[in-house]
Amino acid sequence: MRVASALSQAAGAACGRGCKIFVRRIPNSWDREKVTRLFQHFGNVEAVSLRNFADARKQEAHVSFDAAKGAQRAIQAKVRVVENEGKGGGVENQQSWYLLIDAARDSEGRSGHASGSGLGKLVFRGFFGASPAARQ
């Protein structure tokens with residue numbers, strides 16, 4: 001147990017900021033578990049920290065991966081959220097937007113801006129699916 005824990009800590013220390021991403025425009029209805037499930041498509045997620053603002057309709061998160069490759073995959077992917085508003089859940093009530101994902105930059109993990117060049121595409125509609133490009 002101690003050896004595995006020490007190896008995990010050493011890997012995390014070696015990874016540094018390169019393993020952490022900053023994500024904006026996450027629905028307030030999402031919890032840490034849902035964000036973790038979403039980003040596990042790109043690599044092994046070690047930690048998720050959500051920040052919700054009382055006056056905002058969206059929240060932001062800092063997501064830490066065990067390897068820089070997972071963070072790079074998430075940044076390169078376009079992740080689109082599709083949600084139904086109101087009763088009936090028809091197409092006319094559907095809302096869609098892209099999450100803004102970038103590398104964490106400062107000591108709090110916050111980014112100055114968001115990118116996401118779009119190698120892969122992941123769409124959330126009550127289930128998760130990733131294109132092969134997002135997993136490579």
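## A walk from the β2–β3 hairpin to the core

Asn52 stands opposite Gln59 in β3. That pair is a handy place to step into this predicted model. The two strands around it, β2 and β3, form a hairpin with five residues between them. They run antiparallel, and seven bridges join them.

Let's zoom out for a moment. The protein has four helices and seven strands, and reading along the sequence gives the pattern α-β-α-β-β-α-β-β-β-β-α. Of its 136 residues, 35% count as buried. Its accessible surface comes to about 7900 Å², and carbon and sulfur atoms account for 49% of that area. As for how the chain meets itself, take the contacts between residues at least 6 apart in sequence: 63% of them join residues at least 24 apart.

How far can you trust what you see? The mean pLDDT of the protein is 74, with 59% of the residues scoring at least 70. Confidence varies from element to element: helix α2 has the highest mean pLDDT, at 96, while helix α4 (residues 132–135) has the lowest, at 44. Two stretches deserve a cautious eye. Over residues 1–13, pLDDT stays under 50, and the model has one contact there beyond four places in sequence. Over residues 124–136, pLDDT also stays under 50, yet here the model has 35 contacts beyond four places in sequence.

Now to the inside of the protein. The largest nonpolar core has 22 residues. Those with the most contacts inside this core are Ile21, Val23, Phe39, Val63, Phe65, Leu99 and Ile101. Both strands of our hairpin take part, since β2 (45–52) and β3 (58–65) each supply at least two residues of this core. The elements β1 (20–27), α2, α3 (68–76) and β4 (78–84) each do so as well.

Val63 makes a good guide to this region. Leaving aside neighbours within four places in sequence, its contacts include Cys19, Lys20, Ile21 and Val23. Val63 is also in contact with Val45, Ala47 and Val48, and with Val35 and Phe39.

Those last two lead us to helix α2, which spans residues 32–39 and has Val35, Thr36, Leu38 and Phe39 as its buried residues. Why do these four end up on the same side of α2? They cover an arc of only 160 degrees around the helix axis, and that puts them on one side together.

Val35, placed in helix α2, is worth a closer look. Is Val35 buried or exposed? It counts as buried because its relative accessible area is 0%, where the cut-off is under 20%. Beyond its neighbours within four places in sequence, Val35 is in contact with Ile26, Trp30, Val48, Leu50 and Val63. Another pair to find in the viewer is Val35 and Ala61: they are 26 residues apart along the chain, and their C-alpha atoms are separated by 8.4 Å.

Our last stop is Arg25, which lies in strand β1. Its backbone has a feature to look for: Arg25 is not a glycine, although its phi is positive, at about 75 degrees. Its relative accessibility is 34%, so Arg25 counts as partly exposed. Val35, by contrast, is buried.

Technical notes
Residues are numbered from 1 along each chain as its sequence is written. This is a predicted model: local features need pLDDT of at least 70, side-chain atom pairs count only at pLDDT 80 or more; totals for chains, interfaces and linings use all residues. Side-chain values use heavy atoms; hydrogens and water are left out. Buried means under 20% relative accessible area, exposed over 50%, partly exposed in between (1.4 Å probe, protein chains only). The arc is that of the directions from the helix axis to the C-beta atoms. pLDDT is the predictor's confidence in each residue, from 0 to 100. Contact means heavy atoms within 4.5 Å. A nonpolar core is a set of buried Ala, Val, Leu, Ile, Met, Phe, Trp, Tyr and Cys residues joined through side-chain atoms within 4.5 Å. Two strands pair if DSSP finds at least two bridges between them. Accessible areas come from the Shrake-Rupley method with a 1.4 Å probe; for residues, only the protein chains shown count as cover.
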